[in-house]
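Welcome! Below are some exercises on helices and pockets, each with a solution worked out in steps. Have a look at the picture before you start.

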Amino acid sequence: MSQAIESDDNWNIIITSKRKLLDLRLKEVWHYKYLIWLFIKRDFAVAYKQTILGPLWYVLQPLASTIMYAFVFGGLAGIGTDGVPSLLFYYGGNMLWTYFTSCLNSAASTFSANSNIFSKVYFPRLTVPISTTIGHVVKLGIQAAMLACFYIYYLIIGQGVHPTWYALLIPLLIPWIGAMGTGLGLIISSLTTKYRDLNMLLSFGLSLAMYATPIVYPLSQAPEKYKWIFYINPMSAPVELWRMWLYNAGSLPVEMSIISLLMTVVFLFFGLILFTHNERTFVDVI
């Protein structure tokens, strides 16, 4: 009995080990868009499974940090907020910093946290950091809804809130910060496959980096001799722009925004290249 052999033309997806340096296979990632949605639902369910408050933790955690910052930095240290109500100032800054660090940490742990499934079945590995970044946008949206309630309250009582049309540009900051954190996280994830101690350095470095970012103080309060730190810290620009556009408070040099955008592009570009290069061999190393 003879058996027909199908031609290779019947296959529409071909998996090969050879790949050019700049071949990121983004089209292949798009074919797995439903898998990205499944990962988002999985992460959401796992994070708050068997919890009483569930998604309310998205709001309670930054709110608790806001109260602590207002007491320590606003009350005890007496650091000003450029006329912005303390609740809005600290909550907004903490919300953006949490979003950035969440994107960074999730992308940085992609290989180590998913090594079991990566070693068993093939799918574009890039779907995992994409799904976690989108998931963090959902969390940010929940926190932003609470911030909107505070904002409307202060707007009604006429205290420290002066809205402008620039507030319509706020959504542009979300992909900016997300790309920055994810790109930097992809670079770190590629390095931690060989150097595990970078994970400990990352958590320590982020705790210090927050104080080098205008989160608990406005950029106007920073001494002039230390302004160079904020130029090389790419998170300084979007945080300060957030307050300028939403609260009409503070100021930001144009050069700082340009440097931050350029660093974001560089992080994302090299992060994607290193990630796609290491995804083929990380199982042998991790």
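Helices here are DSSP runs (H or I, at least four residues), numbered from the N terminus. This is a predicted model, where local features need pLDDT of at least 70, side-chain atom pairs count only at pLDDT 80 or more, and totals for chains, interfaces and linings use all residues. Residues are numbered from 1 along each chain as its sequence is written, and side-chain values use heavy atoms, with hydrogens and water left out.

**Exercise 1. Find which helix gives the most to the lining of the second largest pocket.**

Step 1. A pocket is found on a 1 Å grid over the protein atoms alone: it is an open set of points where a 1.4 Å probe fits, with protein on both sides within 12 Å along at least five of seven lines, and lining residues have an atom within 4 Å of a point. The volume is the space filled by probe spheres set on the points, which are joined across faces, edges and corners. For the second largest pocket this comes to about 300 Å³.

Step 2. Look at the centre: of the 19 lining residues, Leu104, Leu184, Leu202, Leu206 and Ala209 lie nearest to it.

Step 3. At least two lining residues come from each of α4, α8 (173–192), α9 (198–209) and α12 (254–278). The top contributor is α9, with 6 residues.

Step 4. Sort the lining by class, where Ala, Val, Leu, Ile, Met, Phe, Trp, Tyr, Cys and Pro count as nonpolar, Asp, Glu, Lys and Arg as charged, and the others, Gly among them, as polar. The result is 16 nonpolar, 3 polar and no charged residues.

**Exercise 2. Describe how α4 and α9 cross.**

Step 1. Axes are lines fitted to C-alpha atoms, for helices over the stretch in contact, and angles run from 0 to 180 degrees between N-to-C directions. The axes of α4 and α9 come within 12 Å and cross at roughly 165 degrees.

Step 2. That makes α4 roughly antiparallel to α9, a term for angles over 145 degrees; under 35 is roughly parallel, 65 to 115 roughly perpendicular, and the rest oblique.

Step 3. The crossing of these two helices, α4 and α9, is right-handed; that is, the near helix is turned clockwise from the far one by less than a right angle, while anticlockwise would be left-handed.

Step 4. Contact means heavy atoms within 4.5 Å. Here Trp97, Phe100, Thr101, Leu104, Asn105 and Ala108 of α4 touch Leu202, Leu206 and Ala209 of α9. By class, the contact of α4 with α9 has 7 nonpolar, 2 polar and no charged residues.

**Exercise 3. Do the same for α8 and α12.**

Step 1. The axes of α8 and α12 come within 7 Å, crossing at roughly 40 degrees.

Step 2. α8 and α12 are therefore oblique to each other, and α8 passes α12 in a left-handed crossing.

Step 3. Among the residues of α8 in this contact are Trp176, Met180 and Leu184, and those of α12 include Leu261, Phe267 and Phe275. The contact of α8 with α12 divides into 13 nonpolar, 8 polar and no charged residues.

**Exercise 4. Describe the lining of the largest pocket.**

Step 1. The largest pocket has a volume of about 350 Å³. Closest to its centre, of 19 lining residues, are Arg42, Asp43, Ser106, Thr132 and His136.

Step 2. α2 (33–47), α5 (110–113) and α7 (127–157) each supply at least two lining residues, and α7 gives the most, with 7 residues.

Step 3. By class, the lining of the largest pocket has 8 nonpolar, 8 polar and 3 charged residues.
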